[in-house]
Amino acid sequence: ATSVERVSAMQDKSANYSPVLNDPATSAAAVTPSDTEILSPLSRMIYVGGAGDLSVVMLDGSSAVFKAIPAGTTLRIRVSKVLSTGTSATAILALS
């Protein structure tokens with residue numbers, strides 16, 4: 001996308017509220033799994049568009065593999081990395 005359309009405060013009735021972790025995501029970024037790259041921004045949730053396993057590093061530094069995630073699943077997890085080693089899921093989005 002070459003241009004970004006912003007929503008004005010008049011259109012967004014929640015614009016004056018401070019976001020908390022339980023709030024809906026306000027941005028999404030495609031994720032290319034990598035064993036070295038840290039997500040920026042860090043995720044609030046991860047969306048998995050194509051079924052498979054998801055190998056991640058959680059914000060506390062621990063590693064986890066979520067097995068057999070169905071396509072179209074949103075995981076309410078905060079991660080710093082989506083690892084290429086051990087990830088077979090596709091169409092991954094970091095939601096924040």
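Here are some questions and answers about this predicted model.

User: How many helices and strands does the protein chain have?
Analyst: Happy to start there. Read from the N terminus, the elements of the protein chain run β-β-β-β-β-β-β. The count is therefore zero helices and seven strands.

User: In which order do the three strands of the open sheet stand?
Analyst: Strands of a sheet can pair in parallel or antiparallel fashion through backbone hydrogen bonds. Here the pairing is antiparallel, and the three strands form an open sheet in the order E4-E3-E6. Strands E4 (63–69) and E6 (79–82) each have a single partner strand, so each has one side without a neighbour in the sheet. From one strand to the next, the twist averages 30°. The order asked for is E4-E3-E6.

User: Which residue in E6 is the bridge partner of Val57?
Analyst: Strand E3 covers residues 52–58 and runs antiparallel to E6, with three bridges joining the two. For Val57, the bridge partner in E6 is Lys81.

User: Is Ser55 buried or exposed?
Analyst: Ser55 sits in strand E3. A residue is called buried under 20% relative accessible area. Ser55 has a relative accessibility of 6%, so Ser55 is buried.

User: The backbone oxygen of which residue lies 3.3 Å from a polar atom of the Ser55 side chain?
Analyst: A good place to look is the list of residues that Ser55 touches beyond four places away in sequence: Ala64, Val65, Lys81, Val82, Leu83, Thr85, Gly86 and Thr87. The backbone oxygen at 3.3 Å from a polar atom of the Ser55 side chain belongs to one of these, Thr85.

User: Which element gives the largest share of the largest nonpolar core?
Analyst: In soluble globular proteins, nonpolar side chains tend to be buried together. The largest core here has 15 residues, and Leu39, Ile46, Leu54, Ile77, Val79, Val82 and Ile92 touch the most other members. Two or more residues come from each of strand E2 (45–50), E3, E6 and strand E7 (90–95). The largest share, three residues, comes from E3.

User: Which residues does Ile92 touch, leaving out those up to four places away in sequence?
Analyst: Ile92 is among the core residues that touch the most other members. With sequence neighbours up to four places away left out, Ile92 touches Ala29, Ala30, Val31, Pro33, Ile46, Tyr47, Leu54, Val82 and Thr87.

User: What percentage of the exposed area do carbon and sulfur atoms supply?
Analyst: Of the 96 residues in the protein chain, 30% are buried. The area that the chain exposes is about 6,400 Å², and the share of it from carbon and sulfur atoms is 55%.

How values were computed
Residues numbered from 1 in each chain as written. Predicted model: local features only at pLDDT ≥ 70, side-chain atom pairs only at ≥ 80, totals over all residues. Heavy atoms only, no water. Pairing = 2+ DSSP bridges. Helix = DSSP H or I, 4+ residues; strand = E, 2+ residues; numbered from the N terminus. Axes fitted to C-alpha atoms, helices over the stretch in contact; angles between N-to-C directions. Buried < 20%, exposed > 50% of the residue type's maximum accessible area, 1.4 Å probe, protein only. Areas by Shrake-Rupley, 256 points an atom, 1.4 Å probe, with all protein chains shown as cover. Polar contact = N/O pair within 3.5 Å; in protein donor to acceptor, adjacent residues only side chain to side chain. Contact = heavy atoms within 4.5 Å. Core = buried A, V, L, I, M, F, W, Y, C linked by side-chain atoms within 4.5 Å.
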